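Subject: Structure handover

Hello,

Here is the structure you were expecting, with my notes underneath. Please look through the model before reading on.

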Amino acid sequence: MSDIELFSFEACPFAQRTRMMMIEKGIECSLTEVDLYNKPDWWKELSPHGKVPLIRHNGEIVYESRIINEYLEDVFPEPPLLPADPLRRAMARIWIDYCDTYFLPALHKLIADRQDKEKQKENRTLIAEKLLFIENEGLRKLGDGPYFMGRELTLVDLQYMPFIERFPCYEELWGASIPEECTRFRDWFETMQARESHHKTVNTLEFHMQRYSKYDKAA
Ligand SMILES: N[C@@H](CCC(=O)N[C@@H](CS)C(=O)NCC(=O)O)C(=O)O
């Protein structure tokens, strides 16, 4: 029995980041699925924000996917998922931050404004701009690939992958697209799809579509 407990929800892309991280590191954990639609009292007591993922390690809790992943990187340094060089580490953190601060808000706007045709046009353009920025300022400058930072897998890859796994739903339901010029990005996605951590955590597109379609039905 591991001394790490992971509290997760099957459909949650943030929790998937941490599940992928643990598989990549070979970290054993006991997994508890939380019913987020009907939060149990023990969960409300345990979790300050009520959000998954959350881990309990040696009786202490850590939450926020990005913070958990960096914590686990500190506790289990092998195999490394951040570059050793301080400047490259800083670069990795810049792109980890870019995902949550710039890229995800653009994706979320697409869902939030789904009823507004004019705003949707702007949102599709915004997403394309973000992807081109990732391609040109991130992937192409950081290295030849196949991973985000170059030859080695890092936490940056795990930060983006769960959301790109779901991108075909954004294409199908709300017309988002990955610009043609994003060739390094497409190759990156193909590389990531071959990882065991992806195979072990991926959900089918039908599963994702069903969940996203509910937004339209609820509107
Ligand atoms: N910034 C958080 C986001 C986590 C998050 O939004 N999780 C969702 C599920 S995908 C959640 O737990 N929602 C329940 C709630 O907000 O009450 C992270 O990176 O861990």
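Lys 51 has a polar side-chain atom 3.1 Å from an oxygen atom of the ligand. Its neighbour in the sequence, Val 52, comes in through the backbone: one of its polar backbone atoms is 2.9 Å from an oxygen atom of the ligand. Glu 64 contributes a polar side-chain atom, which lies 2.8 Å from a nitrogen atom of the ligand. The ligand exposes 510 Å² when taken alone, and the protein buries 74% of that. Keep in mind that this is a predicted model, and that the distances and areas are computed from it.

The ligand occupies the space of the largest pocket. Around the ligand are Cys 12, Pro 13, Phe 14, Arg 17, Leu 36, Lys 39, Gly 50, Lys 51, Val 52, Pro 53, Glu 64 and Ser 65. Sorted by class, this shell holds six nonpolar, two polar and four charged residues. Helix α1, residues 13–25, gives the most to the shell, with three residues.

Two of the shell residues are also worth a look for their backbone.

The first case is the bond between Val 52 and Pro 53, which is a cis peptide bond with omega at about 0 degrees. Pro 53 sits in the loop that runs between α2 (41–46) and β3 (54–57), and Pro 53 is also among the residues around the ligand.

The second case is Glu 64, whose phi is positive, near 80 degrees, although the residue is not a glycine. Glu 64 is placed in the loop between β4 and α3 (65–75). With a relative accessibility of 44%, Glu 64 counts as partly exposed. That accessibility takes only the protein chains as cover, so the ligand contact of Glu 64 described above does not enter into the value.

Two further backbone features are listed here for completeness.

- Gly 145 and Pro 146 are joined by a cis peptide bond, with omega at about 10 degrees. Pro 146 belongs to the loop between α5 (117–142) and α6 (155–165).
- Asn 58 is not a glycine, yet has a positive phi of about 50 degrees. Asn 58 is located in the loop between β3 and β4 (60–63). Its relative accessible area is 57%, so Asn 58 is exposed, the cut-off for that class being over 50%.

When you open the model, the contacts of Lys 51, Val 52 and Glu 64 with the ligand are a convenient place to start.

Regards

Technical notes: Residues numbered from 1 in each chain as written. Predicted model: local features only at pLDDT ≥ 70, side-chain atom pairs only at ≥ 80, totals over all residues. Heavy atoms only, no water. Near = heavy atom within 4 Å. Polar contact = N/O pair within 3.5 Å; in protein donor to acceptor, adjacent residues only side chain to side chain. Areas by Shrake-Rupley, 256 points an atom, 1.4 Å probe, with all protein chains shown as cover. 1 Å grid on protein atoms, 1.4 Å probe; cavity = no way out; pocket = protein on both sides within 12 Å on 5 of 7 lines; lining within 4 Å. Sits in = over half its atoms within 2 Å of the grid points. Helix = DSSP H or I, 4+ residues; strand = E, 2+ residues; numbered from the N terminus. Nonpolar A, V, L, I, M, F, W, Y, C, P; charged D, E, K, R; others polar. Buried < 20%, exposed > 50% of the residue type's maximum accessible area, 1.4 Å probe, protein only.
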